[in-house]
Amino acid sequence: MSESPYTVSDVMTHTVVAVGSEASFKEIVELLDQWKVSALPVLAGEGRVIGVVSEADLLPKEQFRDGNEAESDFGERLKASALTAGELMSTPAVTVHANASLAEAARIMARRRVKRLPVVDGVGMLEGIVSRSDLLKVFLRTDTEIADEIRSSVLTHLPVTTALGVSVTEGVVTLTGSMPERGLVPVVARALRAVEGVVDVQVDLTHR
């Protein structure tokens with residue numbers, strides 16, 4: 001069965017606001033506010049991503065304004081006194097490639113607890129950025145689009161498809177009909193869930 005073709009390149013933002021390592025603290029705050037983003041890639045040279053500076057990196061400046069650093073770690077204390085992007089940034093940057101699947105990007109975000117990922121090429125040059133909201137765009141696909149992909153890319157690869165029917169309502173796929181083997185049901189359900197935009201799968205099949 002073929003996999004859904006959606007990759008990071010399909011949903012990422014190509015125009016990216018970034019800073020150099022010498023950008024000042026205030027410049028960073030101004031850019032975050034102006035562009036309504038939560039993080040900025042930090043670039044070196046012609047556009048190689050060397051780090052990311054986020055709201056979380058900036059917050060220690062305010063967090064320890066009263067001088068109470070008793071419960072802070074060394075890294076937080078350093079960021080509280082930092083003045084430039086190079087001093088503030090988290091490095092190495094957590095990035096993703098444009099040809100990565102949306103599921104892979106989502107796993108990276110969840111595992112590394114970040115909201116945005118710079119998209120880089122094979123040598124680390126910035127190509128775009130992908131956010132959590134970008135990954136959710138696939139759920140804007142219409143029910144018709146989802147059903148058409150299931151029929152053309154999933155059902156046509158099954159051993160027997162003539163007895164199967166598919167309907168999609170609000171992203172929920174319902175598969176009806178009959179299949180020759182009960183053991184194929186979880187395989188089919190897994191293939192349906194892999195289609196971008198599917199919210200859930202309901203299987204109502206009989207077995208011949």
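Me: Which residue follows helix α2, and is its phi positive or negative?
Reply: In this predicted model, K36 comes after α2 and has a positive phi, near 55 degrees. Two further residues can be read in the same manner: R113, with phi near 55 degrees, a positive value in a residue other than glycine, and E170, whose phi is likewise positive and near 55 degrees.

Me: Where do R113 and E170 sit, and are they buried or exposed?
Reply: R113 belongs to the loop between α7 (102-112) and β5 (116-120), and E170 to the loop between β7 and β8. The cut-off for calling a residue exposed is a relative accessible area over 50%; R113 therefore counts as exposed at 76%, and E170 counts as exposed because its relative accessibility is 68%.

Me: How should I read a helix such as α2, and which of its residues are buried?
Reply: The general idea is one of periodicity: an α-helix has 3.6 residues a turn, so residues three or four places apart point the same way. In α2, which spans residues 25-35, the buried residues are F25, I28, L31 and L32. Viewed down the helix axis, these buried residues fall within an arc of 130 degrees, so they line one face of α2. K26 and Q34, on the other side of α2, are exposed.

Me: What do the buried residues of α2 pack against, and how does α2 run relative to β2?
Reply: Their packing partners are the strands β1 (19-20), β2 (39-44) and β3 (48-54), together with the helices α3 (55-58), α4 (60-63) and α6 (85-88). As for orientation, α2 lies across β1, β2 and β3, and runs at about 130 degrees to β2.

Me: In what order do the strands of that sheet stand, and what is the pairing?
Reply: A sheet is read strand by strand, and here three strands form an open sheet in the order β1-β2-β3, with mixed pairing. β1 and β3 are the edge strands, each of them pairing on one side only. The mixed character can be followed pair by pair: β1 and β2 run parallel and are joined by two bridges, with G20 standing opposite L43 in β2, whereas β2 and β3 pair in the antiparallel sense over six bridges, with A44 opposite R48 in β3. β2 and β3 also form a hairpin, with three residues between them, and G45 in the turn has a positive phi of about 60 degrees.

Me: Why is β3 described as largely enclosed?
Reply: Six of the seven residues of β3 are buried, so the strand is largely enclosed by the rest of the structure.

Me: How many residues does the largest nonpolar core have, and which elements supply it?
Reply: The general expectation is that, in soluble globular proteins, nonpolar side chains tend to be buried together. The largest such core in this model has 22 residues, and I150, V173, L175 and L192 are those with the most contacts inside it. At least two residues of this core come from each of α9, β7 (164-169), β8 (172-179), α10 (185-193) and β9 (200-207), while α10 gives the most, with five residues. V173 shows how such contacts are distributed, since its partners beyond four places in sequence include I146, I150, V166, L192 and V201.

Me: Which residues of α9 are buried, and what covers them?
Reply: The buried residues of α9 are I146, A147, E149 and I150. They cover an arc of only 160 degrees around the axis, which puts them on the same side of α9. Among the elements that cover them are β7, β8 and α10.

Me: Where does R141 lie, and is it buried or exposed?
Reply: R141 lies in the loop between α8 (132-135) and α9 (143-153). With a relative accessibility of 14%, R141 counts as buried, because the cut-off is under 20%. Its side chain makes a polar contact with the side chain of Y6, at 3.4 Å. Residues up to four places away in sequence aside, R141 touches Y6, I146, E149, V195 and E196.

Me: Which two residues are joined by a cis peptide bond?
Reply: Here omega is the angle to read: the cis peptide bond joins T91 and P92, with omega about -5 degrees. P92 is found in the loop between α6 and β4 (96-97).

How values were computed: Residues are numbered from 1 along each chain as its sequence is written. This is a predicted model: local features need pLDDT of at least 70, side-chain atom pairs count only at pLDDT 80 or more; totals for chains, interfaces and linings use all residues. Side-chain values use heavy atoms; hydrogens and water are left out. Buried means under 20% relative accessible area, exposed over 50%, partly exposed in between (1.4 Å probe, protein chains only). Helices (H or I, at least four residues) and strands (E, at least two) are DSSP runs, numbered from the N terminus. The arc is that of the directions from the helix axis to the C-beta atoms. Contact means heavy atoms within 4.5 Å. A polar contact is a pair of N or O atoms within 3.5 Å; within protein, one must be able to donate a hydrogen and the other to accept it, and residues adjacent in sequence count only if both atoms are side-chain atoms. Two strands pair if DSSP finds at least two bridges between them. Axes are lines fitted to C-alpha atoms, for helices over the stretch in contact, and angles run from 0 to 180 degrees between N-to-C directions. A nonpolar core is a set of buried Ala, Val, Leu, Ile, Met, Phe, Trp, Tyr and Cys residues joined through side-chain atoms within 4.5 Å.
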